[in-house]
Every structure is written in C-alpha cells, then in structure tokens.
Amino acid sequence: MANRAILLSLRAKTLLTCRHRTQTVKSTRDTAMPSHSPKLLDMIRELIATPSISSVSPELDQSNRAVIELLASWLDDLGFAVEIQSIPGHPDKFNLIAVLGTGPGGLVLAGHTDTVPYDENRWRHDPFGGQVDDGRLYGLGSADMKAFLAIAAEAASGFAAGALRQPLIILATADEESSMHGAQALVDAGRPRGRYAVIGEPTGLRPVRMHKGIMMESIRLAGRSGHSSDPALGVSALEGMHRVLAEILAWRQELQERYRNPLFAVPVPTLNLGYIHGGDNPNRICGECELGIDIRPLPGMVLEELRDALRQRLARLLADSRLQLSCQPLFQGIAAMETPAASAIVQAAEEFTGHAAGAAAFGTEAPYLQQLGMETVILGPGHIAQAHQPDEYLALDAVPPMLALLTRLIHRFCVQPQG
Ligand SMILES: [Zn+2]
C-alpha cells in the first residue's frame with residue numbers, strides 16, 4: 001500500500017518530536033484499532049476545558065480565541081501554514097484556516113469552535129471537565145463538535161506536506177451556534193477554496209448530504225387605534241392579521257404541494273406560526289400586531305425568493321387596506337443544502353462508512369462552504385440527540401472509526417486525488 005510507505009517514512013521523520021503521530025501510523029494500519037490514542041483523548045479534553053460559548057445574548061457570549069490558538073499551535077507543530085482570520089465587527093471572534101500542502105482543490109475538514117450555553121444546574125458532570133465515565137466523554141462541545149477538530153488534527157498528523165498532491169485544509173469557525181458570522185466572514189473573504197469538504201457535525205458516523213434551511217421572519221402590521229365603539233375611528237391591525245394568517249396558511253399549502261423530498265423525515269417544507277402579539281384592551285381598536293413565523297425550506301428553495309414571495313403576497317392582500325405592512329427577517333437565515341449523490345465526496349463517505357448518505361434535520365455551515373465552491377458532506381462522531389443537552393457526551397468507541405475515516409478521506413482526496 002502506497003499509503004503505508006508514506007506513513008512509515010513519515011514515522012521515521014517525526015519519531016523524535018511527536019509521540020501521537022506514531023500512534024496514528026499504527027492505528028491506520030491496524031484495522032481492529034484496539035483503542036484511541038491517549039494523546040488524542042487529552043486533545044479533546046483540552047478543547048472541552050477551553051470555554052467558547054457563543055450566544056445572541058451578550059451576557060453569555062464568549063470569545064473563541066483560546067480554542068483557535070490551541071488548534072493553531074497543534075497544527076503549526078504538524079507543519080500546517082496557519083492563519084487566524086479576524087471577523088469584521090466582532091473583535092473577539094476568529095476563524096482558523098490551516099493548510100498542509102499547496103495547490104488548488106483539496107479537502108477541507110471543517111468544524112465550529114463554539115458551543116451553545118449550558119444550564120449548570122442540570123449537568124451532573126462538569127461541562128468543562130472532560131470526565132470519562134462508562135466509555136463516554138462528558139463535556140460541553142464533546143459531540144457538537146470539539147472532538148471532531150481534535151480527531152481531524154490527529155488524522156492530519158499521519159501525513160507530510162510533501163506527500164500531498166492536493167492540500168489538506170483544517171477549518172475552524174466562530175459563532176456557528178449563534179449568528180454564522182464566522183462562516184459569513186469566510187464567504188466575504190472568498191476563502192478557503194477547496195474542492196471537497198467534510199463538516200464533522202454529530203451524525204453518528206453516517207454521511208449526510210442534505211439539510212433543510214431555516215428562516216425566521218417577523219410580519220408587522222400597523223393600523224390606528226381608536227375607541228372600540230366606532231370602527232371608523234381606527235384601523236384594526238388584528239383584523240388585518242387575521243387575513244394575513246389565512247394567506248400564509250394557503251401559501252404553506254401551496255409550498256407543501258409543490259416541494260417534496262422523501263429523504264427527509266418530514267418530507268415537505270414546514271411553516272410554523274410561532275407567536276402573535278398585538279393590542280392591549282378589549283375596548284380599543286388594535287393599532288399594531290406582530291406575527292413571528294419559522295420556515296424550513298427544502299433544498300432547491302431559495303431564502304430570498306421565499307422572502308420576496310411572502311412580501312409580494314401580503315402586499316397584494318393588504319393593498320385595499322389602510323394597514324402598513326413590514327416583513328423583516330429575525331436573522332439572516334440558513335440556506336438549505338444538497339450535495340449530489342454522485343459527488344465524489346458523497347461516494348467516498350458512503351464507501352468508507354457503509355451507509356447511504358441521508359438528510360439531517362439541523363442546519364450547518366455547509367451552504368457557506370458550497371458558496372465557496374466546495375462539495376460538502378456532513379459526517380462526524382456523536383449524535384445530535386446528545387448535543388445542546390445537559391451532560392452532552394461523546395461515546396469514545398466512535399473515535400477510532402472517525403479517525404480511520406478521516407485518514408482514508410485524506411488519502412483519497414489529497415494523496416491520490418482523481419483528476
Ligand atoms: Zn454543531
């Protein structure tokens with residue numbers, strides 16, 4: 001196996017400096033892989049011990065700098081060209097772009113460095129302790145998704161820059177859990193460019209090639225309040241919203257008849273009426289009313305087109321009223337994503353895992369990487385059911401297969417790229 005020769009020469013080269021590299025060399029050769037490297041476990045625990053909560057609430061939001069610096073130091077030691085990218089307008093948030101090898105194309109292993117906030121009272125384990133209990137590593141970000149970043153670094157340690165015909169890029173982002181500012185900054189900068197990407201979100205070691213998008217929109221109507229005894233004294237925003245609700249439900253029906261994808265557990269786009277606020281007193285004409293909706297579009301549905309369609313529809317509906325309509329996104333939204341089943345990265349992920357690529361119910365940074373030209377698959381250790389929960393954990397038996405998977409993917413797309 002060519003891979004083995006390269007790895008063996010690498011082992012000779014790195015024997016003096018880095019113990020965990022030789023461990024990787026061994027584990028990639030042994031298909032049984034009796035255990036993960038203790039060094040790798042320490043790396044995962046170090047990332048967990050470094051808080052990096054992101055939140056739209058400023059009192060909970062933290063810098064991710066320490067996590068980025070930890071990863072940067074590991075990857076620098078492994079010979080990567082390491083760049084820490086600052087994020088315009090967010091001085092305490094950073095992305096990391098680390099590149100091994102040169103040239104166009106290549107494979108990107110991507111993960112976010114941030115975690116969601118946690119509720120201390122509901123955790124039985126220290127969220128930053130990395131405690132191992134019954135084969136599970138507990139900690140905030142253990143499954144979602146700090147372990148993946150450590151495993152990616154460990155997998156990379158088995159390769160030397162000179163052995164790569166296309167570059168290997170490890171990408172670590174900021175603020176995925178809150179605002180996607182990190183991913184947006186990458187798109188704005190037009191980097192990194194890779195041919196393929198793996199995002200290591202917790203998918204239980206099964207490849208995912210599509211997910212729905214997420215939109216949350218506010219619809220406000222402004223009329224005029226007045227005494228309830230005479231309707232001519234005001235313009236009721238609440239009655240206007242009654243018409244808006246009927247129109248939105250009809251639109252939902254149309255969307256669900258038009259779009260369907262059987263790979264999703266819920267095969268149609270959803271539209272949820274989340275909240276409504278309006279009015280104050282029974283004896284006053286309601287002057288203002290706001291509705292909040294959540295839309296989960298299928299791949300093929302474009303966020304901006306949906307926003308335009310909603311606005312136009314409601315504007316037409318209310319043209320004969322004296323109500324003022326305003327439609328605003330509550331956040332910029334996450335696009336739906338789909339990578340074709342025929343993509344080489346999907347095919348390789350299916351071949352190496354033995355599972356057909358499916359669909360996820362959660363959003364990721366994949367649409368941003370796609371905008372940068374990468375065909376993207378989502379594939380990582382741990383389960384989404386354990387993410388964003390008290391006592392989040394990663395089952396440690398997922399680590400060796402994930403390490404082996406990434407090693408094979410690096411070999412396929414960087415050492416032996418096909419055209
Ligand atoms: Zn995540």
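**Exercise 1. Leaving aside neighbours within four places in sequence, which residues is Leu369 in contact with?**

Solution. Keep in mind that you're looking at a predicted model.
- Step 1: find the residue. Leu369 sits in helix H10, which covers residues 366-371.
- Step 2: skip the neighbours within four places in sequence and list what is left: Ala110, Leu171, Ala197, Ile199, Met374 and Thr376.
- Step 3: try a residue that isn't on that list. Phe331 is 38 residues from Leu369 in sequence, and their C-alpha atoms are 19 Å apart in space.

**Exercise 2. Decide whether Leu369 is buried or exposed.**

Solution.
- Step 1: look up the relative accessibility of Leu369, which is 3%.
- Step 2: compare it with the cut-off, since buried means under 20%.
- Step 3: Leu369 counts as buried because its relative accessibility is 3%.

**Exercise 3. Work out what holds the zinc ion and describe its site.**

Solution.
- Step 1: collect the protein donors. They are His112 through NE2, Asp144 through an OD atom, and Glu201, which is listed twice with OE. They lie 1.8 to 2.6 Å from the zinc ion.
- Step 2: check the angles. Among the four donor atoms they run from 54 to 139°.
- Step 3: pick the label. Four donors count as tetrahedral only if all angles lie between 85 and 135 degrees, and the zinc site here is irregular.
- Step 4: write the donor spacing along the sequence: H-x31-D-x56-E.
- Step 5: place two of the donors. His112 is in strand E3 (residues 107-112), while Glu201 is in the loop between strand E7 (196-199) and strand E8 (208-211), so this pair ties together parts 89 residues apart in sequence.
- Step 6: add their surroundings: His112 and Glu201 are both buried.

**Exercise 4. Find the polar partners of the Glu290 side chain.**

Solution.
- Step 1: locate Glu290 in strand E11, residues 288-296.
- Step 2: check its accessibility. Glu290 counts as buried because its value is 14%.
- Step 3: go through the side-chain pairs. One polar contact, at 2.8 Å, is with the side chain of Ser218. Another, at 2.9 Å, is with the side chain of Tyr275.
- Step 4: widen the view. Not counting residues up to four places away in sequence, Glu290 also touches others, including Ile219, Arg220, Met241 and His277.

**Exercise 5. Where does pLDDT stay under 50?**

Solution.
- Step 1: start with the whole protein chain. Its mean pLDDT is 91, and 91% of its residues reach 70 or more.
- Step 2: now look at residues 1-35, where pLDDT stays under 50.
- Step 3: note the contacts there. For residues 1-35 the model has 40 contacts beyond four places in sequence.

How values were computed. Residues are numbered from 1 along each chain as its sequence is written. This is a predicted model: local features need pLDDT of at least 70, side-chain atom pairs count only at pLDDT 80 or more; totals for chains, interfaces and linings use all residues. Side-chain values use heavy atoms; hydrogens and water are left out. pLDDT is the predictor's confidence in each residue, from 0 to 100. Contact means heavy atoms within 4.5 Å. Helices (H or I, at least four residues) and strands (E, at least two) are DSSP runs, numbered from the N terminus. Buried means under 20% relative accessible area, exposed over 50%, partly exposed in between (1.4 Å probe, protein chains only). Donors are N, O and S atoms within 2.8 Å of the metal (3.2 Å for Na, K and Ca); water is not among the atoms, so sites may look incomplete. Four donors count as tetrahedral if all angles lie between 85 and 135 degrees; four count as square planar and six as octahedral if opposite donors are over 155 degrees apart and all others between 65 and 115; anything else is irregular. A polar contact is a pair of N or O atoms within 3.5 Å; within protein, one must be able to donate a hydrogen and the other to accept it, and residues adjacent in sequence count only if both atoms are side-chain atoms.
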